[in-house]
Amino acid sequence: MEATPSKSQLVRIIAITALLVLLVFALTGCISPRQTQHHRSSSVLQFLYPDDAQPYVSPHIPTLHLPLRVGVAFAPSNGSNIVGTENFSEAQKSALLRTVSRQFESLPFVASIQIIPSTYLRPGGSFENLDQLRHMMGIDVIALIAYDQAQATSETDWSFAYWTIIGAYIVPASKNETHTLMEAVVYDIESRSLLFRAPGTSAVKDHSTLAAGITSMRASSSSGFEKAAADLTVNLQSELDLFKVRAKEEPDSVNIQHKPGYTGAGSLEGWFGGALILLLLLPLVLPSGRIRSCFSRPAQRSSR
Amino acid sequence: MRALRVPLLLFVLPVISIAALDPLAGALVLTRTGIGAGEVWRLWTGHWVHFSGSHLGWNLGVMVLAGVGLESRRPGSLSRYTVMVAPLISGGLLIGQPAMNRFGGLSGLATGVVVLLGLALMENPGRDRRLGLGLLLLVTVKLGHDLLEPAAMFSRFATPGIRPLALAHLVGAGLAVVFAGISLRGKALFPALVHDHKNERRLTPRGRSG
């Protein structure tokens, strides 16, 4: 005789099955292949042109009054950072600002450099904020540094080892990628003209275990900022050199003037001195009798 | 060696001494406020003050080379030219550059000395004339470069904001031409040159009679 389950037994079977299904979903949810992304950035565009304002294109040639007083600052972050994942430390920011300052200091036409505290720049402060800094700190030109870092983690085929729990601690089956873009944008505040920009990029790829994922991502983020900053430093130097060449060769792009009360110098360049040496001293090294040097007296005088 | 003595005493020793003694440079550099206060010596002495090693090196190098050449050919003319033209260059700069407050550098005088040497060499035929022409061409190229090339805006000096002044070279070269011209017309500013012409005239009839 076939025993039919009672109503209470049926309820129990359904409940156990549901619990098992829930457990399976819960477990696979923990260790199934996943992809997470982090993004942190500060944007010059959002700082200068907030609320979708149209970028202002200067209709006139920017006039730089030499010697320049330059400010260096980080563009305020745009607020999209994930709390607790800010790995571009204040110490790193300060180090980068000091490096950029040193590069500007090496320029002969720069009188002073001011590192501007980040609290002096308001998010979306735009050129009005820069005008305030110009009057408050006496700067003519500002170098704004912005960054954009994206991090992504994905599981490799070896991530099945995470099912064993212990595998989550010993198998590096998480693939981490960190892409960083840094940018220094140099503006003439008075004319609101972009003088030049220099980028710096880096890409850091590594693998980590599931358990060490967050620590590894933080380290990659920090390393990404460091490498991008180093790249930015190199590119900034090239751009500064190019800017000097551009100012010389394309006078239509930037107008150079000197502030009243400047110091003038009578200066003969090396090429002129070199050419003069060639002209005057070459006859001395030629065989005697071929040419008379300018240092010898004329024949009629020596014969007297 | 006599030709070397004048540039050495007139330029090399004073310029190096001034460069070594900072307070001395401050008292000698040409300043608009100083001239306004009656410190007229600055009209002369400003040319001996330099703002960096390369500024001093090239200016002094050119001055010594051209100065020795000029003294070899026209003894005494270097010091006369320097004494007469130095304040005129300074005055030209103060008038022509109203925004300038300070000036230093030997290049205006040195450019003039190169022009004088070129003109002196042009007096003689043959290779001397070609060398003189070469010097004058070099100065012309330099003046053209100064006027057309804004690269000098970014010349390196010890202090930022120092602007190379092409006007100093232009005034120096122009005054050298005037100085030589007046001398050739017998104004005794360039006596060696005038003396040679007299000798030439005296020698020619004797040469013919002999």
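The following paragraphs describe a predicted model, beginning with its two chains and then turning to a sheet and a helix pair.

Chain A has 304 residues, of which 29% are buried. Its secondary structure comprises 8 helices and 9 strands. Contacts in chain A with a separation of 6 or more are made, in 79% of cases, by residues 24 or more positions apart.

Chain B has 210 residues, and 42% of them count as buried. This chain contains 10 helices and 3 strands. Read from the N terminus, the elements of chain B follow the order α-α-β-α-α-α-α-β-α-α-β-α-α. Among the contacts of chain B between residues at least 6 apart in sequence, 72% link residues at least 24 apart.

The two chains both contribute to one sheet. This sheet is open, consists of 4 strands and shows mixed pairing, with the order β1(B)-β2(B)-β9(A)-β3(B). Its edges are formed by β1 (30–31) and β3 (162–164) of chain B, each of which pairs on one side only. Strand β9 of chain A, which spans residues 262–265, runs parallel to β3(B) and is joined to it by 3 bridges. Within this pairing, Ala265(A) has Pro164(B) in β3(B) as its bridge partner.

A helix pair in chain B may be considered next. Helix α7 of chain B covers residues 107–122 and helix α8 of chain B covers residues 127–148; the two pack with their axes 7 Å apart, at an angle of about 155°. Angles over 145 degrees count as roughly antiparallel, and α7(B) and α8(B) are therefore roughly antiparallel to each other. The crossing in which α7(B) passes α8(B) is left-handed.

Which residues of α7(B) meet α8(B)? On the side of α7(B), the contact involves Thr111(B), Val114(B), Val115(B), Leu117(B), Gly118(B), Leu119(B), Leu121(B) and Met122(B). The residues of α8(B) that they meet are Asp128(B), Arg129(B), Leu131(B), Gly132(B), Leu133(B), Leu135(B), Leu136(B) and Val139(B). By class, the residues of this contact between α7(B) and α8(B) comprise 11 nonpolar, 3 polar and 2 charged.

Note on methods: Residues are numbered from 1 along each chain as its sequence is written. Chains are lettered from A and ligands numbered from 1 in the order in which they are written. This is a predicted model: local features need pLDDT of at least 70, side-chain atom pairs count only at pLDDT 80 or more; totals for chains, interfaces and linings use all residues. Axes are lines fitted to C-alpha atoms, for helices over the stretch in contact, and angles run from 0 to 180 degrees between N-to-C directions. Angles under 35 degrees count as roughly parallel, over 145 as roughly antiparallel, 65 to 115 as roughly perpendicular and the rest as oblique. A crossing is left-handed if the near helix is turned anticlockwise from the far one by less than a right angle, and right-handed if clockwise. Two residues are in contact if their C-beta atoms, placed from the backbone, lie within 7 Å. Ala, Val, Leu, Ile, Met, Phe, Trp, Tyr, Cys and Pro count as nonpolar, Asp, Glu, Lys and Arg as charged, and the others, Gly among them, as polar. A residue is buried if 20 or more other C-beta atoms lie within 10 Å of its own, exposed if 12 or fewer, and partly exposed in between; C-beta atoms are placed from the backbone. Two strands pair if DSSP finds at least two bridges between them.
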